[in-house]
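Visitor: I'm new to reading protein models. Could you walk me through this one, feature by feature?

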Amino acid sequence: MKAGTNAAALIRQVLAGEVWPALADRHAYRVGPDGQPFVLPGMGGVTLGVHCGDPATGYASDHLEPGASIRHREPGANMALQFLTCVGNEVRVQSGPAAGATGHVIGQHAYVLADFTDADQAGLAPGDQVTVLACGQGLELTGHAAIRVKNLAPDLLAAMPGGTRPDGRLEVHVAARIPAEAIGAGAGMVSEYANTDLMGAYAGLGEDLSLGLEGLRVGDIVALADSDHRYGRGYRPGYLTIGVISTGQCMLFGHGPGPSTLMSGPAESFHLVDDSDANLSSWLHEPGVTS
Amino acid sequence: MTADPMSAELAAVAVGLTGFAEHPVLGDSPYRVSRDGEPYVPAGDGGIVLGLRLGDPVLGVAGDHAAPGACLVHPDPAARLALATYACIGNRVQVRTGPAAGAAGAVAGKRGEAGRVITVFAPEDLARLRPGDAVAVRACGQGWRPPGFPAPVAVMNIDPGLLAALPVQVSGDTVTAGVRLSVPSQLAGNGIGRPAAGWDLDLQLDPAAAAGLLLGDLVAVTGVDARWNMGYRRDWVTVGVIVHGGSPMPGHGPGITPILTGPATALRAVPDGAQHAGLTEAALKIS
């Protein structure tokens with residue numbers, strides 16, 4: 001049975017953002033796991049051709065951010081945009097050739113990340129204004145008091161399989177299970193902002209770097225073992241965090257494809273079902289199809 | 001084709017830098033949130049902390065990332081990062097302004113993100129130091145390799161004159177470091193994915209694991225490669241000095257400034273238990 005929620009009590013808020021440019025410094029190069037210098041695109045701007053359901057890795061990219069990367073120009077308003085926007089929220093383009101197009105939030109990464117169809121994204125550029133209908137922070141699951149929900153739109157939760165089991169646990173379908181060794185940059189940060197990079201997913205590099213995570217896809221729902229993200233992001237044996245892969249390929253060492261946090265609580269409060277269809281593309285928008 | 005300049009035994013360069021004793025900074029709310037969801041007021045997160053010294057327990061005070069002595073920063077963000085990158089453990093420092101002018105101390109560690117250099121002084125000198133006082137740092141150590149050091153093991157963040165005072169031995173192709181404890185990579189928290197030349201690596205130790213851990217102890221983290229950014233690599237070892245105490249924040253804890261990193265075949269970390277002596281005031285010639 002679907003888990004009961006307080007969705008009816010949540011408020012919706014209209015937020016403004018702007019497609020943000022890619023940023024670099026004049027030294028250009030960063031350093032990979034084996035000391036290799038690299039210059040690769042991925043963060044900021046509008047990244048074309050990679051959508052929910054597509055492989056997260058295998059691109060000549062660093063911190064690949066699928067779709068449009070969005071911020072607000074004013075620092076305080078930007079933090080509100082980053083904290084209040086939830087995965088699954090609708091994003092509408094307000095200005096530029098793609099005005100009127102709608103997409104969905106797939107995660108946060110110090111930018112709000114919004115996936116649109118390639119046709120719509122072809123008309124998007126940094127500087128374009130977007131409107132985010134933010135809803136989800138404060139979402140609670142009836143009868144699952146030990147689990148904290150964050151960054152998750154109630155509409156998306158309703159579309160996801162699983163729910164309250166007869167034994168009282170919350171059933172969640174996941175496409176991959178992530179060991180604690182994989183947790184990279186993002187540990188120690190708040191869980192309403194940016195995401196948790198996963199190491200061990202460096203496709204094409206050494207075996208000593210692999211934790212078997214090269215098969216992750218953008219939009220995959222994943223379970224992070226021994227991770228407590230209720231009040232920030234930390235290692236805690238016996239806890240579990242559910243996230244959604246919102247960024248892809250990385251070359252920077254200690255970084256990798258990253259889940260944005262959706263839920264966290266004691267592991268015994270969850271019942272995981274391994275399900276390769278547990279991906280945002282199953283519920284939000286199919287690759288290449290107008291959402 | 002020349003050899004890899006990073007593995008060559010070139011002469012170390014010393015650079016005179018200036019840091020300023022830090023004043024702690026808080027936002028509009030005094031509260032942070034602990035790993036158990038409890039709001040708390042962070043005390044000792046940067047600035048000048050009295051009464052906490054190398055050799056004290058990491059969980060001995062009700063602080064957040066409290067470090068022994070004075071943290072140095074710089075008002076220019078790029079200069080602050082340079083200060084935290086080039087200063088090395090064991091570097092000599094001298095107070096230049098204020099009531100403590102002339103007092104000599106040493107670098108005991110570094111902290112990441114915006115960058116902090118942790119300096120220790122004799123208690124009577126530290127008591128006269130005030131936020132904003134200028135402190136000269138004789139930065140030396142980055143790029144230095146001890147003569148004859150096994151090539152696979154990288155050395156960083158350590159003054160060339162200090163390594164011999166730490167429990168680090170070289171025998172043939174192997175470096176052996178005596179450590180208080182060795183922990184697996186999944187305990188590595190804030191700092192992972194960041195450059196080891198300027199960031200510390202917080203260890204998410206539970207109270208039992210941290211019970212015998214002292215400020216200045218050497219600790220090994222297995223499965224972490226810290227040659228550039230810090231990240232997961234199987235069969236690798238990183239050894240660092242504990243430079244600050246614990247934190248209630250999730251993902252944080254006592255932090256190490258890395259000094260050695262290499263494959264487990266070339267860098268052995270041996271827990272030496274109660275006999276362990278890491279970085280001490282005596283080694284830093286602080287009286």
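**Reading the model**

Guide: Let's start with one residue: Asn151(A) is buried, because 29 other C-beta atoms lie within 10 Å. In general, a residue is buried if 20 or more other C-beta atoms lie within 10 Å of its own, exposed if 12 or fewer, and partly exposed in between, with C-beta atoms placed from the backbone. Before we go on, this is a predicted model, where local features need pLDDT of at least 70 and side-chain atom pairs count only at pLDDT 80 or more, while totals for chains, interfaces and linings use all residues. Residues are numbered from 1 along each chain as its sequence is written, and chains are lettered from A and ligands numbered from 1 in the order in which they are written.

Visitor: Where is Asn151(A) placed?

Guide: Look in the loop between strand S10 (148-149) and helix H3 (154-159) of chain A. Helices (H or I, at least four residues) and strands (E, at least two) are DSSP runs, numbered from the N terminus. Asn151(A) also has a phi near 60°, a positive value in a residue other than glycine.

Visitor: What about Asp226(A): which value does its phi have?

Guide: A positive one, about 55°, although Asp226(A) is not a glycine. Asp226(A) lies in strand S14 (residues 221-228) of chain A. Asp226(A) counts as partly exposed, because it has 19 C-beta neighbours inside 10 Å.

Visitor: How do I read a strand, say S9 of chain A? Which side chains point to which face?

Guide: Follow the alternation along S9 (residues 129-134): Val130(A), Val132(A) and Ala134(A) point to one face and are buried, while Gln129(A), Thr131(A) and Leu133(A) point to the other and are not.

Visitor: And which strands pair with S9(A)?

Guide: The general idea is that strands of a sheet pair through backbone hydrogen bonds, either parallel or antiparallel. Two strands count as paired if DSSP finds at least two bridges between them. Here, strand S1 (residues 13-19) of chain A pairs with S9(A) in the antiparallel sense over six bridges, and Leu15(A) stands opposite Val132(A). Strand S6 (residues 90-93) of chain A is also antiparallel to S9(A), over three bridges, with Val91(A) as a bridge partner of Val132(A).

Visitor: What does a parallel pair look like here?

Guide: Try strand S12 (residues 170-174) of chain A, which pairs with S17(A) in the parallel sense over five bridges. Leu170(A) stands opposite Phe270(A) in S17(A). These strands belong to an open sheet of three, ordered S11-S12-S17 (chain A), with mixed pairing. The edge strands, S11 (162-164) and S17 (270-274) of chain A, each pair on one side only.

Visitor: Now chain B. Where is Asp217(B), and is it buried or exposed?

Guide: Asp217(B) sits in the loop between helix H3 (207-210) and strand S15 (218-225) of chain B. Asp217(B) is buried, because 24 other C-beta atoms lie within 10 Å. Contact means that two C-beta atoms, placed from the backbone, lie within 7 Å. Leaving aside neighbours within four places in sequence, Asp217(B) is in contact with Arg180(B), Ile242(B), His276(B) and Gly278(B).

Visitor: How many helices and strands does chain B have?

Guide: Three helices and 18 strands. Of the 287 residues of chain B, 54% count as buried.

Visitor: Last one: how many residues does each chain bring to the contact?

Guide: Chain B brings 28 residues and chain A brings 28 residues. On the side of chain B that touches chain A, the largest share, five residues, comes from strand S16 (residues 231-244) of chain B.
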